[in-house]
Amino acid sequence: MIFKKSGLLVLIFSVIAFVGAHAQQEDAAVVERRIEGLLEQMTLAEKAGQLTQFSDVGDVTGPASADASVQKKRELVKSGLVGSMLNVVGTENVRALQKIAVEESRLGIPAVFAFDVIHGHKTMFPIPLAEAASWDLDLIEQSARVAAVEASAQGLNWTFAPMVDISRDPRWGRVMEGAGEDPFLGAEIAIARVRGFQGDDLAAEDTIAATLKHFAAYGFAESGKDYNAADIGTVTLFNVVAPPFKAAIERAGALTVMNSFNTLNGIPATGDAYLQRDVLKGDWEFEGVVISDWGSGIEMIDHGFAADARDAARLAMNAGSDVDMESHVYAEYLPSLVESGEVALGDVDDAVRRVLRMKFKLGLFDDPYRYLDAARENASLMTPEHRVMARQMAEASIVLLKNEGGALPLGKGERIALIGALAADKDTPLGNWRGRAEAGSAISVKEAFAAAGVDFSYVEGAPVENGEASFPTEVQVNLTDRSGFDAAVAAARAADKVVLVLGEDAYQSGEGRSRANIGLPGVQDDLLKAVYAANPNVALVVMSGRPLVLTWADAHVPAIVQAWHLGHESGPAITDMLLGKVNPSGKLPMTFPRSEGQIPIYYNYLNTGRPGPRPEVFWSHYTDEENAPLYPFGHGLSYTAFEYGRLRVRDVDGGVEVSVRVQNSGGREGREVVQLYIRDRVASISRPVRELKGFEKISLKPGQRKTVRFKLTEEQLGFYDGRGAFRLEPGAYDVFVGGSSAAGLTASFELKSGR
Ligand code: BGC
């Protein structure tokens, strides 16, 4: 309003904006001059040092190097041979090293301190896959914001998150760390997370640099086995793998990108010049830092791509991998590689510029100790406000998979048998990649039941694993101990209803945690069957870091709740949902298969030349399994019901508008994720049967209606060809709108012209 009324004000604001932009340009020019000044003074060894990242010795997150000692690392920092560190946490620890870098090294260049802040730092939020199930971008951004506040208060400036790897394979343990199978949802979530971490001003003391990882196709590890080769065509690369990276660079300004352990079509990503130089830094004009994954440089020897460590350094630098994390090859070989002409000095300088620019952006040249305020550290970790947000996020992440005959919510006065080791587990809900969370500090379902005054008795039934699980060691699944079954059966018999909490330990998903069989681990399937035989009124609550095969459960038990690993507030969130105080609103970000043989399974597949069903065998199907998944992408129930109608499509400026009317036709207030899918019927490359192109999470009171409008832009209607060129082709499109990828309401439209 003000702008319209007063020409003078408009003028003043324009002048301020102009002066602001001008000042920014000036600042950038000053920074560039200072960077050039430093480059002139740096020896080759110091340049290689800026490109070298070491882990602290204690908490390694990869194979520890043999020659690592605290003393040695300090000496390297002092010699200016380490530009950044990971796994050094806490203002005191960071200050000790920063002091050496700034006050004892020759040029006094501050170090950057990185850490895997994945789903919270001290206050644990749900694992990223669970957060993705909320489809709530505001909450997801807030979650990353809280993580940044806590991590930066502990002296950190850089997180290796978000992981934006699209994956269609629930056997791959790292699906817990991503946003699932869909590039559109994945891109929106990547943007929200980067915004949450980086905020508006990277130099602010409570923001940290984000890392998009792992570039590229790490989520396509063959047979779902971590670190395995990926072989995908370029159409999948550009249309499925790339979108979250590209979007978060272009729309959220992600400062860094991590490459990946895997080969892609035979080339290890760290040594892939096409990916890093041509696509990322070339076509996408990415100006930030590319960091290797832990030791992914040196691993090129095992890939049979590099002859030795020197060769690995040469290949990685020439391919555009700027920083070497824990391969120890840049510090050692880059200087001599430049001297021999095998690596261009210009490439090394370009990489160093990127690192120094990052340090300027983080404000470390202005004040290297700016993140090191002990009072702030004490005041910022696990605050009551952070717990409230973790609770909201946990509630929004739960997915109600099945609810027959109103089995849930639990009725007042019902006697409940609470069964399952995970119901009392205070550690598993923290999930894998749990930052600085204290082991065993989550609120369990059992504790929350007691606090809520539920009339219940608890029986363990069977342990999930033997002994303690931890980040670097294999989980020893309980395959034999059924000694608690009898007590569980007795408790089930004596109760009106059973709440059975089964699933995976925190460390059964995550890095290095691929599983070939993704049913309920160990004896838990048998426990489920035994309890069900005693009392069929079972609500099964599944904790897991991935979609599990729940086919037997789906065929028998009336209610199934997907409760992932929900963080510190897991117990209260699950309890309120079971009691009906919270109406579930999560939707699956990944397809749940009926059996492992269907994997890879995803909703946006290509149609084959022989879709079915057909009377003869000559169509694309299994003889011993259905084609359809158990639960499709986007699926999730509510305690209320939503009706969709009045689907309209019309041309608008720059695209097509799709509108739909959604009504809450049930008896209570609820939230629904309205989803829009399209199908490009005929194109120069076969297009998926459905592709998500829009969603909105809305809240409706009983009887209330809302018209939701989506704009399909040209960018959303087009696709990338095998060379990575964007194409928008005229022709017919189908539209599907509803509450899952199986949405039934359809319309179609014709795109008259392309580009
Ligand atoms: C993981 C990365 C992680 C890095 C540092 C690697 O093993 O693949 O995602 O950021 O370790 O901890």
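## Overall size

The radius of gyration here is taken over C-alpha atoms, and the rule for a globule is 2.2 Å times the number of residues to the power 0.38. Put 755 residues into that rule and a compact globule should come out near 27 Å; the chain has 27 Å, so the two agree. Keep in mind that this is a predicted model.

Along its principal axes, the C-alpha trace spans about 75 × 65 × 65 Å. The accessible surface of the chain adds up to about 28400 Å², and carbon and sulfur atoms account for 50% of that.

## What the chain is built from

How many helices and strands are there in the chain? The count is 21 helices and 25 strands.

As for packing, 59% of the 755 residues count as buried. Looking at contacts with a separation of 6 or more, 78% come from residues 24 or more positions apart in the chain.

## Helix 4 against helix 5

Start with helix 4 (residues 70–78) and helix 5 (residues 91–104): their axes come within 8 Å and cross at roughly 35°. On the helix 4 side, the residues involved are Arg74, Val77 and Lys78. They meet Ala96, Leu97, Ile100, Ala101 and Glu104 from helix 5.

Sorted by class, this contact between helix 4 and helix 5 has five nonpolar and three charged residues, with no polar ones.

## Helix 7 against helix 15

Next up are helix 7 (residues 137–153) and helix 15 (residues 384–397), with axes that come within 10 Å and cross at roughly 145°. Helix 7 goes past helix 15 in a left-handed crossing. Helix 7 brings Leu139, Ile140, Gln142, Ser143, Val146, Val149 and Glu150 to the contact, while helix 15 supplies His386, Met389, Gln392, Met393 and Ala396.

What classes of residue make up the contact of helix 7 with helix 15? Seven are nonpolar, four are polar and one is charged.

## A closer look at Arg387

Helix 15 is also where you'll find Arg387. Is Arg387 buried or exposed? Its relative accessible area is 18%, and buried means under 20%, so Arg387 counts as buried.

And what is Arg387 in contact with, leaving aside its neighbours within four places in sequence? The list is Thr123, Met382, Ile443, His568 and Glu569.

Key
Residues are numbered from 1 along each chain as its sequence is written. This is a predicted model: local features need pLDDT of at least 70, side-chain atom pairs count only at pLDDT 80 or more; totals for chains, interfaces and linings use all residues. Side-chain values use heavy atoms; hydrogens and water are left out. Axes are lines fitted to C-alpha atoms, for helices over the stretch in contact, and angles run from 0 to 180 degrees between N-to-C directions. Helices (H or I, at least four residues) and strands (E, at least two) are DSSP runs, numbered from the N terminus. Contact means heavy atoms within 4.5 Å. Ala, Val, Leu, Ile, Met, Phe, Trp, Tyr, Cys and Pro count as nonpolar, Asp, Glu, Lys and Arg as charged, and the others, Gly among them, as polar. Buried means under 20% relative accessible area, exposed over 50%, partly exposed in between (1.4 Å probe, protein chains only). Accessible areas come from the Shrake-Rupley method with a 1.4 Å probe; for residues, only the protein chains shown count as cover. A crossing is left-handed if the near helix is turned anticlockwise from the far one by less than a right angle, and right-handed if clockwise.
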